[in-house]
Amino acid sequence: MLDWKKATKPIIALAPMADMTDQPFCRICKEIGVPYIWREMVSAEAIIRGNQKTRAMTGISAFERPVIQQLFGNDPERLAEAARIIEEMFQPDGIDINMGCPVRKITENFDGSSLMRDPERAAAIVKAVKNAVKAPVSVKTRLGWSKDDEILTFAKIIEDAGADLLTVHGRTKEQGYAGVANWTRIGQVKDSLSIPVILNGDVTDGTSAKHALELTGADGVMLGRGALGNPWVFNEIGSVIGVPRTSYFVPSLEDRVTIVLRHARYQIERYGEGGLVKLRKHFPFYFKKELHDKHPQVDFIALRSALVRVSSYQELEEALKAVLAQ
Ligand SMILES: Cc1cc2nc3c(=O)[nH]c(=O)nc-3n(C[C@H](O)[C@H](O)[C@H](O)COP(=O)(O)O)c2cc1C
């Protein structure tokens, strides 16, 4: 059983990202080198109702572990019930409660970051979920609703309620994704708690990860956007911060194509041939504009517009092989 206090530090993790960190993408990140996966959030209510699509989102293959499944909701007993169902079905290595999502359809339902405005309810959720499952229970939150020091009292409440780990995204709900993540504030949270604290927000490579860890003393870093189209980033971080036996190389265009094709095969395995449509949103990340400087011979604009139209594996393979031939 995962024990966050004993886990090797720093913890390096893939952030939960709705519609992005599904099974195929998590599998790719794991094969390349991410130690811990936070699976995209699922609705506690949908799990309890027996929604097949939602339940299937929580499936875990052995090679992906450890996988932490995130839940959203606002009712302590309902979240506890959903966590219990998931634990019985798939035994995730940890359960995480979303207390940071700023999206309106989540917050107007009093889920996600709304829970920061109701610390008593947030604490009751942690206690109820802890009582319901054997797996460790963590919380992912932000610096506050509107002020970036709200986290200092909120974090303590979450720890006192029994959470085993806290991840903090260094922005307030009102900031959304604007501005720069305030890592210093996360360092203060780390200093005030005894449970492990993971830093999240604006870590994009080995250098930023090293700086964030040194600045704050955090127990780990969690990457979201920086991992999209760049599952190699976890090895880069490992090699920069000196994780033993981590090897990193800058992926060539061939490596990129190999991984995209593998990602496509996993999509098809998981969702059927229609899975390629769901893969389209990953293409702009795999083939970013910045690659142009390294590969001036490739017309990435034409490639990206061709990729968003592919609907079969063969079409995808042809489009990508054509790029390698350029
Ligand atoms: C497309 C997308 C979906 C996200 N979905 C979730 C989610 O399901 N649960 C969650 O806690 N955070 C979610 N987030 C927030 C990320 O986990 C992370 O906190 C945020 O992107 C900041 O980290 P970064 O700078 O490394 O991207 C999402 C972010 C993005 C961009």
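**Exercise 1. What covers the buried residues of H6?**

Step 1: Let's find the helix. This is a predicted model, and in it helix H6 runs over residues 119-132.

Step 2: Check its length. H6 has 14 residues, which at 1.5 Å a residue should span 20 Å, and its end C-alpha atoms are indeed 20 Å apart, so expectation and model agree.

Step 3: List the buried residues. For H6 they are Ala122, Ala123, Ile125, Val126, Val129 and Ala132. Keep a general point about helices in mind here: an α-helix has 3.6 residues a turn, so residues three or four places apart point the same way.

Step 4: Look at what sits over those residues. The cover includes two helices, H4 (76-90) and H7 (150-160), along with strands S4 (94-99) and S5 (137-144).

**Exercise 2. Work out why the radius of gyration of the protein agrees with that of a compact globule.**

Step 1: Start with the chain. The protein has 326 residues, and its secondary structure comes to 16 helices and 8 strands.

Step 2: Compare the two values. A compact globule with 326 residues would have a radius of gyration near 20 Å; the protein has 20 Å, so the two agree.

Step 3: Add the outline. Along the principal axes, the C-alpha trace spans about 60 × 45 × 35 Å.

Step 4: Look inside. Of the 326 residues, 46% count as buried. Now take the contacts with a separation of 6 or more: residues 24 or more positions apart account for 69% of them.

**Exercise 3. Describe the two domains and the contact between them.**

Step 1: Get the bounds. The domain assignment gives domain 1 as 11-241 and domain 2 as 253-325.

Step 2: Get the separation. Taken over C-alpha atoms, the centres of the two domains are 29 Å apart.

Step 3: Count the residues that touch. Domain 1 gives 8 residues to the contact, and domain 2 gives 10. On the domain 1 side, they divide into 5 nonpolar, 2 polar and 1 charged.

**Exercise 4. Which residues come nearest to the ligand?**

Step 1: Pick them out of the shell. There are 21 residues around the ligand, and Ala15, Met17, Met41, Gly224 and Arg225 come nearest.

Step 2: Sort the shell by character. You get 9 nonpolar, 8 polar and 4 charged residues.

**Exercise 5. Find the unusual backbone spots, and say where they lie.**

Step 1: Recall the general rule. Most residues other than glycine have a negative phi, and most peptide bonds are trans.

Step 2: Look for cis bonds. One joins Lys9 and Pro10, with omega about -5 degrees; Pro10 sits in the segment before strand S1 (11-14). Another joins Arg65 and Pro66, with omega about 0 degrees; Pro66 is in the loop between helix H3 (52-57) and strand S3 (67-72).

Step 3: Look for positive phi. Phe110, not a glycine, has a phi of about 65 degrees and lies in the loop between helix H5 (104-107) and H6. Asp202, not a glycine either, has about 70 degrees and lies in the loop between strand S7 (197-200) and H9.

Step 4: Buried or partly exposed? Phe110 has 14 other C-beta atoms within 10 Å, so it is partly exposed. Asp202 has 20 within 10 Å, so Asp202 is buried.

**Exercise 6. Place Ser208 in its surroundings.**

Step 1: Find its element. Ser208 lies in helix H9 (residues 206-216).

Step 2: Judge exposure. Ser208 has 18 C-beta neighbours inside 10 Å; a residue needs 20 or more to be buried, so Ser208 counts as partly exposed.

Step 3: Find its contacts. Leaving out residues up to four places away in sequence, Ser208 touches Asp202 and Val203.

How values were computed: Residues numbered from 1 in each chain as written. Predicted model: local features only at pLDDT ≥ 70, side-chain atom pairs only at ≥ 80, totals over all residues. Helix = DSSP H or I, 4+ residues; strand = E, 2+ residues; numbered from the N terminus. Rg over C-alpha atoms; globule rule 2.2 N^0.38 Å. Buried ≥ 20, exposed ≤ 12 C-beta atoms within 10 Å, placed from the backbone. Contact = placed C-beta atoms within 7 Å. Near = placed C-beta within 6 Å. Nonpolar A, V, L, I, M, F, W, Y, C, P; charged D, E, K, R; others polar. Expected span 1.5 Å × (residues − 1). Domains from an automatic or database assignment.
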